[in-house]
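User: Please take one part of this model and walk me through it slowly, explaining each term as you go.

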Amino acid sequence: MLIQIITHTPAWVFALLALLAWLGGRQTRAGSAHLYRVVGMPLAMVGLAVYGVVSAFGASSAGGLALACWAAAAAATVVVVSRLSLDAAVRYDAAARRFFLPGSWVPLALMMAIFGTKYAVGVTLAFHPEWARQAGFATGISTAYGLFSGVFAGRALRLWKLALQHRQALAAV
């Protein structure tokens, strides 16, 4: 059955997996990123998560509840993650609007988790489309998407706060 699932998977899905693996793999090494990319990537991943919830459950009776669970999980996770301290090696150059970041496996792990969850949901709903209308399935998956989204958004918020602190410090001088 696994071979059948893989052979019926569209080619673009594997291209997306390769792209996400490449993007996440780049973040395992230290490097720099412009302010807009630091904010843009989490927004894109949040967008993919919302799309996953809406495309899987939006038309069903469980769709509204699923979206609410996503939002609650995302908001709670943003609050928790945004309060964590940044790695001491993180630096921000206000003039260039660039962050200098140590490598981290977290973005790669999150991207693969989101992709794997979305893929598993797609396969599951292909075999059992009626599950999209089951509140327990919809809320569980949506909550997972919300947790993933919250981690990405919370990390971006921490970096945004660092940029604002530097801006305020420069304005005070």
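Analyst: What follows is a close look at helix α6 and the residues around it.

This is a predicted model, in which local features need pLDDT of at least 70 and side-chain atom pairs count only at pLDDT 80 or more, while totals for chains, interfaces and linings use all residues. Residues are numbered from 1 along each chain as its sequence is written, and side-chain values use heavy atoms, with hydrogens and water left out.

Helix α6 covers residues 135–172 and includes Arg-158; helices here are DSSP runs of H or I with at least four residues, numbered from the N terminus. Arg-158 is buried (under 20% relative accessible area, with a 1.4 Å probe and protein chains only), yet Arg-158 has no salt bridge, meaning a side-chain nitrogen of Lys or Arg within 4 Å of a carboxyl oxygen of Asp or Glu. The nearest side chain of opposite charge belongs to Asp-87, 8.4 Å away. Leaving aside residues up to four places away in sequence, Arg-158 touches Val-81, Ser-82, Leu-84, Ser-85 and Leu-86, where contact means heavy atoms within 4.5 Å.

Elsewhere in helix α6 lies Phe-137, whose ring pairs with that of Phe-57 in helix α3 (residues 35–57), 80 residues apart. Ring centres must lie within 6.5 Å to pair, and planes under 30 degrees apart are called stacked, over 60 edge-to-face and the rest tilted; this pair, at 5.9 Å centre to centre and 75° between the planes, is edge-to-face. Phe-57 counts as buried because its relative accessibility is 0%, and Phe-137 is also buried, at 18%. Ring pairs join Phe-57, Trp-131 and Phe-137 into a cluster, and the whole structure holds 4 aromatic pairs.

Key. Helix = DSSP H or I, 4+ residues; strand = E, 2+ residues; numbered from the N terminus. Buried < 20%, exposed > 50% of the residue type's maximum accessible area, 1.4 Å probe, protein only. Lys, Arg positive; Asp, Glu negative; His and termini not counted. Phe/Tyr/Trp six-rings, centres within 6.5 Å; stacked < 30°, edge-to-face > 60°.
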